[in-house]
Amino acid sequence: MASHWEEFYSTHLPPTDFEDNRKLLKEFCERHNKAGQRVVLITSGGTTVPLEHNTVRFVDNFSAGTRGAASAEYFLEHGYAVIFLHRLKSLEPFTRHFTGQKFMDMLELHERGPSTTITVKPDCVDIVAPILARYKAAQEAGRILYVTFTTVSDYFWLLRASCECLAQFETKALLYLAAAVSDFYIPSSELPTHKIQSGAGAPTISLQLVPKLLAPLVSLWVPHAYVVSFKLETDESILITKARDSMNKYKHKLVIGNILQTRRNRVVFVTPENNYEIVLTREQLLSGMEIEDTIVSNIIESHTEFIAQHKY
Ligand code: PAZ
């Protein structure tokens, strides 16, 4: 049995920087709500499950945060204010284009006597300039707020705090829950304080089910918002059933199903009315097209209809 969400919050402490983040969320939401702006909360990247309080080891998952980071850029392009709730050190919008050595390789160092300057190589300017311009525009307009988590417990605290601030947007709030959140964890009360010692023999690690936060999120925290969740599977034969079960259970607006190996070029939208696929061809992928562009456009269309239907 999954533990109950209220019990989870009463037995797990918030992250150390929680109050600072709560203030930032509050300020961001009040400012954009006053301006009549639409807002999207994007969750992105994977959560960890610590095996010790003084954490040396933890259980992690595959998610790099590509989906969330790319989607944030498309939501900004469509005029949304974006709360980017992501795993620390996972991919972020804009900088994701220059990971690893790529960025260093685009720069040139000029050392002339005592003065040193750094420039972007002429043949890279056309790549860097448009991304830098979009990044600066979003930053200067204060249209993106970055909030980070590492553990599943941090994520839970920050997700609820974000929802509490988003509720004021009513139908203008969109939740895009793309993070890969662990289904299993070790409750805080069962964690050893110090590093598990190998001298004691192979440990037996017993994981419990995490509470399903979609239930209170949809029915209590943001009951008027447009909520989209993602469902990842590795077995194609159960994907649609699992996505539809989730939609029937939590009664939110959309579940986007994807398979681990094909998630960059194929997703299935499961709505209360039907299912439909978005597929990118090999040529489209090679030309640099991203599936998140189409995912975000389709969601925004439905969000617009949803807002119109709920005007009173
Ligand atoms: O982060 P990424 O781009 O590598 O992967 C995205 C994803 C597969 C984590 C996302 O599309 C998703 O399905 N998230 C929900 C996972 C789940 O809890 O089922």
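# Reading contacts, burial and helix crossings

Biologist: Which residues does V49 touch, not counting residues up to four places away in sequence?

Modeller: In this predicted model, V49 touches F58, V59, T151, V152, S182, F184, Y185 and I186, with residues up to four places away in sequence left out. V49 itself belongs to strand β2.

Biologist: How many C-beta neighbours does V49 have inside 10 Å, and is V49 buried or exposed?

Modeller: The reading rests on a count: a residue is buried if 20 or more other C-beta atoms lie within 10 Å of its own. V49 has 23 C-beta neighbours inside 10 Å and therefore counts as buried. One may also set sequence separation beside spatial separation. V49 and L207 are 158 residues apart along the chain, and their C-alpha atoms are separated by 9.5 Å.

Biologist: Where does T47 lie, and what does T47 touch?

Modeller: T47 is placed in the loop between β1 (39–44) and β2 (49–50). Not counting residues up to four places away in sequence, its contacts are R87, F149, T151, V152, Y155, A179, V181 and S182. T47 is buried, because 25 other C-beta atoms lie within 10 Å. Between T47 and V59 there are 8.7 Å from C-alpha to C-alpha, at a sequence separation of 12 residues.

Biologist: How should V147 be read, as buried or exposed?

Modeller: The count is again the guide: V147 has 22 C-beta neighbours inside 10 Å, so V147 counts as buried. V147 is located in strand β7 (residues 144–149). Beyond its neighbours within four places in sequence, V147 is in contact with N21, L25, I83, F84, L85 and L158. For L85, the C-alpha to C-alpha distance to V147 is 4.8 Å, although the two are 62 residues apart in sequence.

Biologist: At roughly what angle do the axes of α2 and α6 cross, and which residues meet there?

Modeller: A crossing is read from its angle, its hand and its residues. Helix α2 (residues 18–34) and helix α6 (residues 152–166) have axes that come within 9 Å and cross at roughly 25 degrees. Because angles under 35 degrees count as roughly parallel, α2 is roughly parallel to α6. The crossing of α2 and α6 is right-handed. From α2, F18, N21, R22, L25, K26 and C29 meet W157, L158, A161, S162, C165 and L166 of α6. The residues of this contact comprise 8 nonpolar, 2 polar and 2 charged. N21, L25 and L158 also appear among the contacts of V147.

Biologist: How do α3 and α10 cross, and at roughly how many degrees?

Modeller: The axes of α3 and helix α10 (residues 291–309) cross at roughly 55 degrees and come within 9 Å. That angle makes α3 oblique to α10. Their crossing is right-handed. R67, A70, S71, Y74 and F75 of α3 make the contact with E292, D293, I295 and V296 of α10. Sorted by type, the residues of this contact are 5 nonpolar, 1 polar and 3 charged.

Biologist: How many residues surround the ligand, and which are the closest?

Modeller: A shell may be read by its members, by the elements that supply them and by residue type. The ligand is surrounded by 13 residues, of which S63, T66, R67, F230 and L232 are the closest. Two or more residues come from each of α3 (66–77) and β11 (226–233). β11 gives the most, with 3 residues. By type, the shell holds 6 nonpolar, 4 polar and 3 charged residues. R67 is among the closest residues to the ligand, and R67 is also one of the α3 residues in the contact with α10.

Methods: Residues numbered from 1 in each chain as written. Predicted model: local features only at pLDDT ≥ 70, side-chain atom pairs only at ≥ 80, totals over all residues. Near = placed C-beta within 6 Å. Helix = DSSP H or I, 4+ residues; strand = E, 2+ residues; numbered from the N terminus. Nonpolar A, V, L, I, M, F, W, Y, C, P; charged D, E, K, R; others polar. Axes fitted to C-alpha atoms, helices over the stretch in contact; angles between N-to-C directions. Parallel < 35°, antiparallel > 145°, perpendicular 65-115°, else oblique. Left-handed = near helix turned anticlockwise from the far one by under 90°. Contact = placed C-beta atoms within 7 Å. Buried ≥ 20, exposed ≤ 12 C-beta atoms within 10 Å, placed from the backbone.
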